[in-house]
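Colleague: I am new to this structure and would like to understand the terms used for it. Could you show me the structure, and then let me ask how each term is justified?

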Amino acid sequence: MTLPPKPPARQGRVSLWKYLKLFRQDILSAQPARLYRAWMAEFRTPFFRSFMCNQPDLVNLVLKERPDDFPKSNRIREGLTPLLGQSVFVTNGETWKRQRRIIDPAFEGGRLRDTFPAMWSAGQNAIARLGAQADGQPTEIEVETSHAAADVIFRTLFSIPIEHHLATQVFDAFRAHQRAQPVVNLGAFLPLPKWFPRFHSRETRRTALQIRALITELTRERQTAIREGRAPDDLATKIMTNSDPVTGQQFAADEMVDQVAIFFLAGHETSASALAWALYLLALYPEWQDRLAAEAQTAMAQGEFGFSDMSKLKTSRDVFRETLRLYPPVPMMVREAACPEKFRDRKVPKGSQIVLSPWHLHRHERLWDDPDGFDPGRFVTQNGRACLRQAYMPFSAGQRVCTGAGFAMIEGPLLLSMIVGKFRFETVPDKPAMPVAHLTVRGRDGIWLRVSKRE
Ligand code: HEM
C-alpha cells in the first residue's frame, strides 16, 4: 500500500551551523527521525535552549492549563512584523486578550452560518475556473486552492470577490511577499543572536508596505460605509463595530489593518495548503475520491445546499480531518517559558523555547495506529477517538486556539465536496509531491495533478 509522501528525516547528528542551514531549507527534513517516537527532545545551542514536547500532558500544560506562563515567543515577530504589526497572532498578555474579546464574537457558530453563502459563491467561482482548464493536463493545484481560499476570505471579510481590483492586488502582492520571504518561520523558531543576519530583504519590506497600503484602503472605505449606514453585514463590519465588553473600546484604524492582514494571511494560506493536500491524497487513493464524489453529488443534487446540510458531508469532513493530521498547515508552534519549569524531571530554564509540533504529534508512533497511513475512517476507531482528544491539534488548543477553526472546518469540507463532485484528480507520475514547511506545509515543487471533468 502506498504511503502518503513524508520528508526523509535527517541522518545522524549535525553541527549547529549545519542544522541552521538544513533548517533554512526545510524545517521538517532538518529534524531527526527519533522525534516521531520521543515524548520530549531538548535542543541546546550556545544561544538558547529549546524543548520539543510531544507528550500529551505537557502539550496540555503549555496550551491549556497554564497558557499565560508560556506566551508566544517574541521571536515570532522577527519574521512577521513588517506585515502583521500588532496583530492578534503576535501579541501577548492584556493586548492579546482585548483583541480576542473583540474578534471572537465575529466567528461564533451563529455568525458562521452568515458566512456560508459567501463560501458557496467562492466554491462556484473555483469550479468555473477549474472547468476552464480541466483537460487532463498537469495543473499546479496549489495555485488554484490559493485562489479559491483567498476568494473565500475576501468574500466573507469584505463582501468582495477576488476579481475586485483591491482584492486582486492584495493577492498578487502576497504572492510576491512570499517569494521574497520563503523562510519566514526561521526567525520565529530560532532565537537568533542580535548579530545574525535577518531575512527582511528590501523586497519583503516593500511588498509588506504595499499589502498594508491596500488593506488600509479597504478598511478606510469600510469605515466610511459603516458611518453612512450602508456597510454589508460581513466579518469586517462585525469586527470593526464590536466593542470590547471589558473596556468598551473598538479597534483603532491601524489596529484593524493589522487584524485584516492576519485574517488574510492565516485564513488563506492555511486553507489553501490543506485543500491542495486533500486533493493530492484523493488522487493517491481513488477509492476515497469516488466515495467523496458520490457523497457530494447526492448531497448537492437538488442544487439547494445550505449551512444545515453540512452534516451530510461526513466523508468529506473525515478526509479533510485526516489531511490536517498528515499535513497540518501550521507544522510547529513556539512558546517561551516565562519562568523556570521542570518537564519530565528535566530543568527548563526561564526563556527556553517550547516547541509544540502538530507535525510530529500527528504522526507519533507511540500514539497513533498506522501513523503514516491515510485512513479517513480512523476517527471512529477507539485509537482514532482517543488520539483526536489528546494528539490532534491542527488548530492549536486552549485559549489561543485558531480563531478561524470553525470557519475552516466548514470551508474545507464544503470546497472539497463542491470541487470533487465535479472533477476527477489524478497524480502525475513524474511529478510526485513532497511536503516542505514554508509559511505553511507546501509541496517542494508545487502539487501537480491532472484534472478532468467527472461525467
Ligand atoms: C485549515 C485552516 C487553518 C489552520 C490549520 C489554522 C491553524 C492555526 C494554528 C495552528 C494557529 C495557532 C498558531 C500559534 O499559536 O502559533 C492559528 C491561529 C490563528 N488563526 Fe488559524 N488556521 C486555519 C484557518 C484560519 C482561518 C480561516 C482564519 C480566519 C479567518 C484563521 C485565523 C487565525 C488567527 C487570527 C490566529 C491567531 C489566534 C491567536 O493567536 O490568538 N485561521 N491558526
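Modeller: What follows is a set of questions about terms, each answered by setting a value against a definition.

Colleague: What should I know about the model and its numbering before we begin?

Modeller: This is a predicted model, in which local features need pLDDT of at least 70 and side-chain atom pairs count only at pLDDT 80 or more, while totals for chains, interfaces and linings use all residues. Residues are numbered from 1 along each chain as its sequence is written, and side-chain values use heavy atoms, with hydrogens and water left out.

Colleague: What makes a stretch of the chain a helix or a strand, and how many of each are there?

Modeller: Helices are DSSP runs of H or I with at least four residues, and strands are runs of E with at least two, both numbered from the N terminus. The chain comes to 16 helices and 11 strands.

Colleague: How do you know whether the radius of gyration agrees with that of a compact globule?

Modeller: The radius is taken over C-alpha atoms, and the globule rule is 2.2 Å times the number of residues to the power 0.38. For 455 residues a compact globule would have a value near 23 Å, and the chain has 22 Å, so the two agree. The C-alpha trace spans about 60 × 60 × 40 Å along its principal axes.

Colleague: Why is Asp-234 called buried?

Modeller: A residue is buried under 20% relative accessible area, exposed over 50% and partly exposed in between, using a 1.4 Å probe and protein chains only. Asp-234 has 5% relative accessibility, so it counts as buried. Asp-234 lies in the loop between α9 (202–227) and α10 (235–241). In the chain as a whole, 58% of the 455 residues count as buried.

Colleague: Which residues does Asp-234 touch, and what makes a pair a contact?

Modeller: Contact means heavy atoms within 4.5 Å. Leaving aside residues up to four places away in sequence, Asp-234 touches Thr-156, Leu-157, Phe-158, Ser-159 and Arg-222. Among contacts in the chain between residues at least 6 apart in sequence, 75% join residues at least 24 apart.

Colleague: Asp-345 and Ser-396 also sit in loops; is each buried or exposed?

Modeller: Asp-345 has a relative accessible area of 72%, and is therefore exposed, whereas Ser-396 has 12% relative accessibility and therefore counts as buried. Asp-345 is found between β5 (341–343) and β6 (346–348), and Ser-396 between α15 and α16. Asp-345 has a positive phi of about 65° although it is not a glycine, and phi of Ser-396, another residue other than glycine, is near 65°.

Colleague: Why does Ile-160 count as buried or exposed, and what does it touch?

Modeller: Ile-160 has 11% relative accessibility, so it counts as buried. Ile-160 is in the loop between α6 (141–158) and α7 (165–180), and beyond residues up to four places away in sequence it touches Phe-154, Arg-155, Ala-167 and Leu-218.

Colleague: What makes Cys-402 a donor of the iron atom of the ligand?

Modeller: Donors are N, O and S atoms within 2.8 Å of the metal (3.2 Å for Na, K and Ca), and sites may look incomplete because water is not among the atoms. The SG atom of Cys-402 is at 2.3 Å, and Cys-402 is the only protein donor of the iron atom. Cys-402 is placed in the loop between α15 (382–390) and α16 (405–422).
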